[in-house]
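Ready for a little structure reading at your desk? Take a look at the chain below, then work through the exercises with us.

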Amino acid sequence: MAKKQISYDLKAAKELFNEYLNKGTEKKQVQLPENTVKIDDLNRKNALDRLYKLIDDVIDQINKTGRPSIQLPSRSSSNIIWDEENDLLLLGQQLQEKQFHTLTSVADITRLMRILEIIHELLVKDLHATKREVYYTDVKLFNEQKVSDKSIEDAAIMLYTTRNSTHIVATANGTCIGRLRIRDKTDIIDLEGLGSGGWRISPFLDNIEIIESDAEFILAIEKEAAMMRFAEDRFWRKYPCILLTAGGVGDIATRMFLKRLNKELNLPVFSLVDSDPYGHYIHSVYLRGSKRLSYESPFLATPDIKLLGVLTRDLDKYKIPEVARLKLEKVDVKRIKDLLNEEFVKRNKAWEEDLKLSLKENVKAEIQALSTHGFEFLTEKYLPEKLTTGDWI
Amino acid sequence: MKFFYKDDGGVIQLIELEKIQEWSIEMPFIFVEYIRSNKLRSYRDAKAEAEISKYLNEILNKTAIPKIKQILEGSNQGEILSTLSIFEELSETNSRAVMPIQNLLENLTKQTDKKIASQARKILVNIKE
């Protein structure tokens with residue numbers, strides 16, 4: 001017997017898109033609170049200018065006192081501020097001082113100066129390097145990669161800029177596919193024409209420009225496996241959208257690219273994650289950024305992302321059988337409790353309720369649990385129905 | 001982005017002119033040709049197609065052609081030659097993208113500078129092939 005095909009018009013998602021489009025023209029710049037540090041995304045010339053100014057200041061101090069020091073915003077947890085209005089994690093204005101002449105900071109400052117030298121070389125030559133490559137430029141000095149990584153982050157914050165502006169990038173894990181055309185220098189890349197694998201998000205995002213799209217929403221997917229289902233069904237052909245996955249927690253390039261898509265195309269963004277606390281955490285990182293990179297939050301966070309699913313309440317609504325549901329483990333319970341203590345969850349009642357429901361019913365489930373109703377259930381029923389009815393958090 | 005609305009409620013977004021003005025000399029031609037050949041018909045909306053066509057012409061007439069005209073009709077021969085070599089390379093793989101400057105190239109074939117005239121001729125051959 002032929003399967004009955006229901007047609008969904010994605011009414012609710014389209015309404016949200018129209019709302020964003022109307023707002024888009026009057027969108028104001030995000031005003032950061034006064035007690036936070038302002039970070040700029042700089043082009044190569046401006047990044048170089050800022051680097052020269054910093055070095056000029058050090059030379060001035062050497063000439064005047066012979067004992068130079070550098071001040072930079074502290075990245076300790078006590079200096080991380082949640083900006084309620086913009087729903088972002090930001091860096092406060094506490095400063096730390098690194099002196100060139102004390103035994104405690106001499107090694108640190110040497111590494112920092114070496115990183116500045118590397119940044120200078122990369123900017124002058126208009127090259128990019130990965131964090132791993134930077135570590136290998138001076139293994140003896142850095143000893144291990146986490147040491148050079150810390151110095152790289154310190155150098156970026158010292159220049160009051162994003163790490164990408166320093167041309168030091170992390171390897172990107174994200175993939176993107178769908179109704180989007182981008183430019184990488186003089187190459188035009190059609191994200192609909194790259195087979196099921198899609199486009200590997202480039203860590204060199206300063207070379208990437210969005211040039212055309214007829215998408216109406218973006219879906220950020222937790223898992224590669226779920227992404228494969230969408231890719232195989234060519235989901236974006238029926239429902240005009242852009243799909244993106246980082247295969248877990250969003251890395252810097254994936255989050256930055258998502259932010260740009262959302263900002264430049266005014267598209268609503270939905271996340272599809274496992275119905276478990278880790279999935280909710282992944283959503284939260286897209287939403288408001290991570291604590292470690294709080295200074296880059298305005299460039300990495302997508303504060304209006306919606307949690308589309310899989311919600312705990314969906315498990316009953318979509319009749320997910322008991323055998324496909326899992327019990328919470330100790331670590332899950334702790335994570336849920338931690339999330340419930342976060343201000344941004346407390347402020348979102350529907351989210352709070354869904355997490356509490358998970359605790360009460362001692363249940364979690366993977367996105368793949370939906371395939372108990374058939375492989376196409378996710379793409380042909382679950383998502384279109386939710387996007388039509390506006391069933392998201 | 002610049003918006004174009006379809007009758008079915010769909011929206012097509014294309015990069016705005018201000019950003020295109022910052023591109024390298026050949027990029028606007030590549031972009032216009034790409035949208036014309038690969039996207040325009042796929043929108044399946046006559047009104048949007050017509051508006052986008054108009055916008056693509058605007059890109060050519062307001063940015064792309066004046067920028068290259070200024071170089072090709074200028075007196076800096078080194079700059080003319082390096083620009084021609086960029087377009088010669090482009091014409092080998094994407095000759096349709098170079099068509100909008102056909103008239104300018106034809107004028108250059110009459111130039112007294114043999115190098116410039118010969119390079120312009122090579123591009124014209126690629127366009128006509």
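In what follows, two strands pair if DSSP finds at least two bridges between them. Please keep in mind that this is a predicted model.

**Exercise 1.** Work out the strand order of the open six-stranded sheet in chain A, and find which strands stand at its edges.

*Solution.* Step one: reading across the sheet, the order in chain A is E10-E7-E13-E12-E14-E15, and the pairing is mixed. Step two: strand E10 (199–200) and strand E15 (306–309) of chain A each have a single partner strand, so one side of each has no neighbour in the sheet and these are the edges.

**Exercise 2.** Describe how strands E12 and E13 of chain A are joined, and what packs on the sheet.

*Solution.* Begin with direction: E12 (residues 217–221) and E13 (residues 241–245) of chain A run parallel, joined by five bridges. Next, pick out a facing pair: A:Ala220 lies opposite A:Leu244 of E13(A). Finally, add the helix: H7 (residues 224–232) of chain A packs on the sheet and touches E7 (175–178), E12, E13 and E14 (269–272) of chain A. The direction of H7 makes about 155 degrees with that of E13(A).

**Exercise 3.** Decide how the overall size of chain A compares with the globule rule.

*Solution.* First, take stock of the parts: chain A has 16 helices and 15 strands. Then compare: its radius of gyration is 23 Å, close to the 21 Å that the rule gives for 393 residues, so chain A is as compact as a globular protein of that length. To finish, look inside: 44% of the 393 residues of chain A count as buried.

Terms used: Residues are numbered from 1 along each chain as its sequence is written. Chains are lettered from A and ligands numbered from 1 in the order in which they are written. This is a predicted model: local features need pLDDT of at least 70, side-chain atom pairs count only at pLDDT 80 or more; totals for chains, interfaces and linings use all residues. Helices (H or I, at least four residues) and strands (E, at least two) are DSSP runs, numbered from the N terminus. Two residues are in contact if their C-beta atoms, placed from the backbone, lie within 7 Å. Axes are lines fitted to C-alpha atoms, for helices over the stretch in contact, and angles run from 0 to 180 degrees between N-to-C directions. The radius of gyration is taken over C-alpha atoms; the globule rule is 2.2 Å times the number of residues to the power 0.38. A residue is buried if 20 or more other C-beta atoms lie within 10 Å of its own, exposed if 12 or fewer, and partly exposed in between; C-beta atoms are placed from the backbone.
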